[in-house]
Amino acid sequence: MRPEWQRRRLSQGGLAEAAEDLLGKGFRLALVAAHDDPTTYRVVYLFLAGRPDRRVELECTAPKDDPAVRSLAYLSFPASRFEREMADLYGIRCTGHPKPRRLVRHAHWPEDWYPMRRAAPAAPEFDGSGHFPFVPVEGSGVYEIPVGPVHAGLIEPGHFRFSVAGETVLRLKARLWFVHRGLEKLFEGRPAGGAVDLAERVSGDTSVAHALAHCLAIENALGIELPDEAHRLRALLVELERLYNHAADLGALANDVGFGIAHAHAQRIREQLLRLNYAVAGHRLLRGSMRPGGVALRALPDAAALRRIAADVAEVAELTLHNTVVYDRFSGTAVLQHEDAHALGCLGYVARASGVRTDARIEHPTTALPVTEVDAAAGDVLARYTVRRDEFAASVELACHLIESHSGPIEYTEPQPPPRGPRSGIGIVEGWRGTIVHRVETDADDRITRAKIVDPSWFNWPALPVAMADTIVPDFPLANKSFNQSYAGNDL
């Protein structure tokens, strides 16, 4: 299914005008990718709109001796964060940015080290000093609670600083990027067909969706086209990934309010789904099942078994929400209003629970699928729970449809065409957390020169502090789990 795709190179003044026009027409800024070209810095802004699938790339350049571009922060909150990331990793200043403070770079990073530049030296010695400023909230009875970055469980590191009056949160500041891995840099120089293993490790619980987004971007760049049945097999794998993650979250949310029996049953169900994944792909997280130009399954899942699991999940969810303590803790907690979710650019179940329509399976499809749209309006923990519950049921039915309508082999391989010079491509996938976007560029030898990755957590993390306003401190673990964003997917 071919999208409408435009590419335009503009002056910086023309860029702002074009961006304003696109945002006014309902496009969203999905990605900003800086490039260190031989003579200039180049910045690509990808705008997306769905129903029908439309993609617009705007490019502008900045000189090497004065790397600066005009900020689009006045138009878009996501633009402001992409620009801060670009300044930290490439040293490209964004003139007119209202708050050009560090985003990725921690205080101990050297001022003049920009690791994504081609000529960047190896990581220098970090001195461990420096101070990251937080805006204090002052007043009678106000105090701060610092949490993390090291936590009591197995979660990845993140620092949360609460400004509190009594038990009520006045302000929450989240500080991430403690596990920044330089992942995008690791793609550089890899053969176009030889980097899917990196894509599978962007965020471990989203191995399939990131692998697929990478494969679609490479195929788009190289002109590889797969038959519709191959796309449907890939869609099935993405749904299987959605199922085991949603099942785990339904249990974890119940566990956070002390309803451990639901958590125990959810873990039992998750284990059933992981074993099913192993039978389908030879890996519990479905890794190794796809590559650029191909997809390979060992077997199709048993549709009847999936429907039995769906009935099991529905019963666990019903028991959970009929517990009045659970329901009262979920309802009205950590509300993310529709207008805030829209302004922040939220994606996936976080957006849908606040009434924002977004689903790449419908907006940017690779094949026609009978997707059942699920949403809610309240924007609270309860809404984020019920959206997951309903998406689980809808995902099972979609998976069963794909299984029962499949004909032909369960392995497809399309050969990689000979190199045709520098190319670029985009891959868009609705992962279980939301829309994933990968953009790649390749050189004359079909080696990757740039890979830009945007996990939905990039857009959703800023929404957590917004939802926590006027929420009590003891509800933070519950609110945080209801968002359940990826640290690794954000901290590339």
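Which residue in S14 is the bridge partner of Glu 430? Keep that in mind as you open the model, which is a predicted one.

**Stop 1: strands S13 and S14**

Select Glu 430 and look across to S14. Its bridge partner there is Thr 435. Now show all of S13, residues 423-430, together with S14, residues 435-442. The two strands run antiparallel, and eight bridges join them. They form a hairpin, with four residues between the strands. Click on Gly 434 in that turn. Gly 434 has a positive phi of about 150 degrees.

**Stop 2: inside S14**

Stay on S14 and show its side chains. Is this strand buried or exposed? Eight of its eight residues are buried, so S14 is largely enclosed by the rest of the structure. The cut-off for buried is a relative accessible area under 20%. Check both faces. On one side, select Thr 435, Val 437, Arg 439 and Glu 441. On the other, select Ile 436, His 438, Val 440 and Thr 442. Both sets are buried, so to speak of covered faces is right for each side of S14.

**Stop 3: on to strand S15**

Next, add S15, residues 448-454. S14 and S15 run antiparallel and are joined by six bridges. Select Val 437, then find its bridge partner in S15, Val 454. S14 and S15 make a hairpin too, with five residues between the strands. In this hairpin, pick Asp 446, which takes a positive phi near 60 degrees.

**Stop 4: the annotated binding site**

Which residues carry the feature "binding site" in UniProt? The unreviewed entry places it at Glu 184 and Ile 453. They span 270 residues in sequence, yet their C-alpha atoms are no more than 7.3 Å apart, so they gather at one spot.

Select Glu 184. It lies in helix H3, residues 183-187. Glu 184 is buried, with a relative accessible area of 6%. Leaving aside neighbours within four places in sequence, Glu 184 contacts Met 116, Arg 450, Ala 451, Lys 452, Ile 453 and Leu 492.

Now select Ile 453, which lies in S15. Ile 453 is buried as well, at a relative accessible area of 3%. Residues up to four places away in sequence are again not counted here. Ile 453 touches Glu 184, Phe 187, Val 202, His 210, Val 437, His 438 and Leu 492. Val 437 and His 438 belong to S14, the strand of the second stop.

**Stop 5: the largest cavity**

How many cavities of 30 Å³ or more does the count give? It comes to seven. Go to the largest, which holds about 180 Å³ of space. Its lining has 17 residues, and the closest to its centre are Leu 212, Ala 235, Arg 361, Thr 366 and Val 429. Color the elements that give two or more residues to this lining: helices H5 (207-222), H6 (228-255) and H12 (360-363), and strand S13 (423-430). H6 gives the most, with five residues. The lining divides into nine nonpolar, four polar and four charged residues.

**Stop 6: the annotated domain**

Finally, select residues 257-415. For this stretch, the unreviewed UniProt entry lists "domain: NADH-quinone oxidoreductase subunit D". Show it as a cartoon. The chain here is 56% helix and 5% strand. Pick the C-alpha atoms at its two ends: they are 52 Å apart.

Conventions
Residues numbered from 1 in each chain as written. Predicted model: local features only at pLDDT ≥ 70, side-chain atom pairs only at ≥ 80, totals over all residues. Heavy atoms only, no water. UniProt positions renumbered as here; feature names shortened; annotations may be inferred. Buried < 20%, exposed > 50% of the residue type's maximum accessible area, 1.4 Å probe, protein only. Contact = heavy atoms within 4.5 Å. 1 Å grid on protein atoms, 1.4 Å probe; cavity = no way out; pocket = protein on both sides within 12 Å on 5 of 7 lines; lining within 4 Å. Points joined across faces, edges and corners; volume = space filled by probe spheres on them. Nonpolar A, V, L, I, M, F, W, Y, C, P; charged D, E, K, R; others polar. Pairing = 2+ DSSP bridges.
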